[in-house]
Amino acid sequence: QGIFEWSPAYGLNLTTGREIVVFPEETQTYRVQGTDENGCTSVQEVSVIVKGLAAINAQALDPTICMGDTTELIVDGDEHVVWSPAKGLSATSGNRILAFPTETTTYTATIPGMTCDATQQVTIEVKGAGSIDITPDNKEICRGDQLELTASGALTYQWKSIPGILRKKGANALVKPNKTTCFSVRGKDVYGCVVEGSSTV
């Protein structure tokens, strides 16, 4: 029983009551005055200590990579860094580690503290997951016939030089295979990533 009054109001959900919730953004001393049913009062102070987070500056050396490439995750200063998730990482601890995700991934760097953990997220965007399409694909022709192959899905094209290619220029290749042959091409997409494709004739 009794009445309890809290002050200052900063960082309090209520200013009266036996139990209150405090959420100050900095260390704060609160004063509570209790009054019982006889009108007697008592005053007490309590301090809530707010600990600051450790400074953390996490970044990717290259935040955008091509499929199959590697970049480095770096945290300035503190060496006691824990990374998650583990998929696509050379290690899960350290202030300089390698990352080679196969899809766009957000990693979290954490510096564990006694009571507070400092965290920061770093996103690595993975480009170039596509491939080059070739038409026609798996085409049957008679021995001695020629066929024009057309590639799409890249900005540049380089056909592999093998027997059966009569002419190759950009996305097109004129072929005249003497036997069943797989013709392949590689190039770079709009992100500068290497993409490949093939067609069997």
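**Figure 1. The disulfide between Cys66 and Cys193 in this predicted model.** Here Cys66 and Cys193 come together with their sulfur atoms 2.0 Å apart, forming a disulfide. A search through the whole structure turns up one disulfide. In sequence the two partners are distant: Cys66 sits in strand E5 (residues 64–66), Cys193 sits in the loop between E16 and E17, and 127 residues separate them. Look along the S-S bond and you'll find a torsion of about -85°, so this disulfide is left-handed. Both Cys66 and Cys193 are buried. As a reminder for anyone labelling the close-up, a disulfide is a covalent bond between the sulfur atoms of two cysteines.

**Figure 2. Two other cysteines, Cys40 and Cys182.** How exposed is Cys40? Its relative accessibility is 47%, so Cys40 counts as partly exposed. Cys182 gets the label partly exposed too, with a relative accessible area of 42%.

**Figure 3. Arg96 meets Glu72 in a salt bridge.** The whole structure holds four salt bridges, according to the search. In this one, the side chains of Arg96 and Glu72 come together with an N to O distance of 3.2 Å. Arg96 belongs to strand E8 (residues 96–99) and Glu72 to strand E6 (residues 71–75), so the pair links distant parts of the chain, 24 residues apart. Which partner is buried and which is exposed? Arg96 is the exposed one, at 51% relative accessible area. Glu72, at 17% relative accessibility, counts as buried. The cut-offs behind those labels are under 20% for buried and over 50% for exposed. As for the pairing itself, side chains of opposite charge can pair when their charged atoms come close.

**Figure 4. Arg167 and Glu148 form a salt bridge.** Zoom in on this pair and the closest N and O atoms are 3.3 Å apart. Here again distant parts of the chain are linked: Arg167 is in strand E14 (residues 165–169), Glu148 is in strand E12 (residues 147–152), and they are 19 residues apart. Arg167 has a relative accessibility of 43%, which makes it partly exposed. Glu148 is partly exposed as well, at 32% relative accessible area.

**Figure 5. Arg186 and Glu196 tie strands E16 and E17 together.** What separates the closest N and O atoms of the Arg186 and Glu196 salt bridge? The gap is 3.8 Å. Arg186 comes from strand E16 (residues 182–188) and Glu196 from strand E17 (residues 194–200), so the salt bridge ties together parts that are ten residues apart in sequence. Both ends are partly exposed: Arg186 has a relative accessible area of 41%, and Glu196 has a relative accessibility of 48%. If you want a ruler in the same view, Arg186 and Phe100 lie 22 Å apart, C-alpha to C-alpha, with their positions 86 residues apart in sequence.

**Figure 6. The largest pocket and the residues around it.** How much space lies in this pocket? The volume is about 180 Å³. The lining includes the run Asn138, Lys139, Glu140, Ile141, Cys142 and Arg143. Pro177, Asn178, Lys179 and Thr180 also line the pocket, along with Thr200 and Val201. Sorted by class, the lining has four nonpolar, four polar and four charged residues.

**Figure 7. Cys142, a lining residue of the largest pocket.** Cys142 is found in the loop between strand E11 (133–135) and E12. Is this cysteine buried or exposed? Cys142 is exposed, with 53% relative accessible area. Measure up a scale from its backbone if you like: the C-alpha atoms of Cys142 and Lys176 are separated by 9.6 Å, while the two residues are 34 residues apart along the chain.

**Figure 8. The largest nonpolar core.** This core has 18 residues. Which of them touch the most other members? They are Leu73, Val75, Trp83, Leu89, Tyr107, Ala109 and Ile124. The elements that supply two or more residues are strand E4 (58–60), E6, E8, strand E9 (105–111) and strand E10 (118–127). E10 gives the largest share of the core, with four residues.

Definitions and conventions. Residues numbered from 1 in each chain as written. Predicted model: local features only at pLDDT ≥ 70, side-chain atom pairs only at ≥ 80, totals over all residues. Heavy atoms only, no water. Buried < 20%, exposed > 50% of the residue type's maximum accessible area, 1.4 Å probe, protein only. Disulfide = S-S within 2.5 Å. 1 Å grid on protein atoms, 1.4 Å probe; cavity = no way out; pocket = protein on both sides within 12 Å on 5 of 7 lines; lining within 4 Å. Points joined across faces, edges and corners; volume = space filled by probe spheres on them. Nonpolar A, V, L, I, M, F, W, Y, C, P; charged D, E, K, R; others polar. Core = buried A, V, L, I, M, F, W, Y, C linked by side-chain atoms within 4.5 Å.
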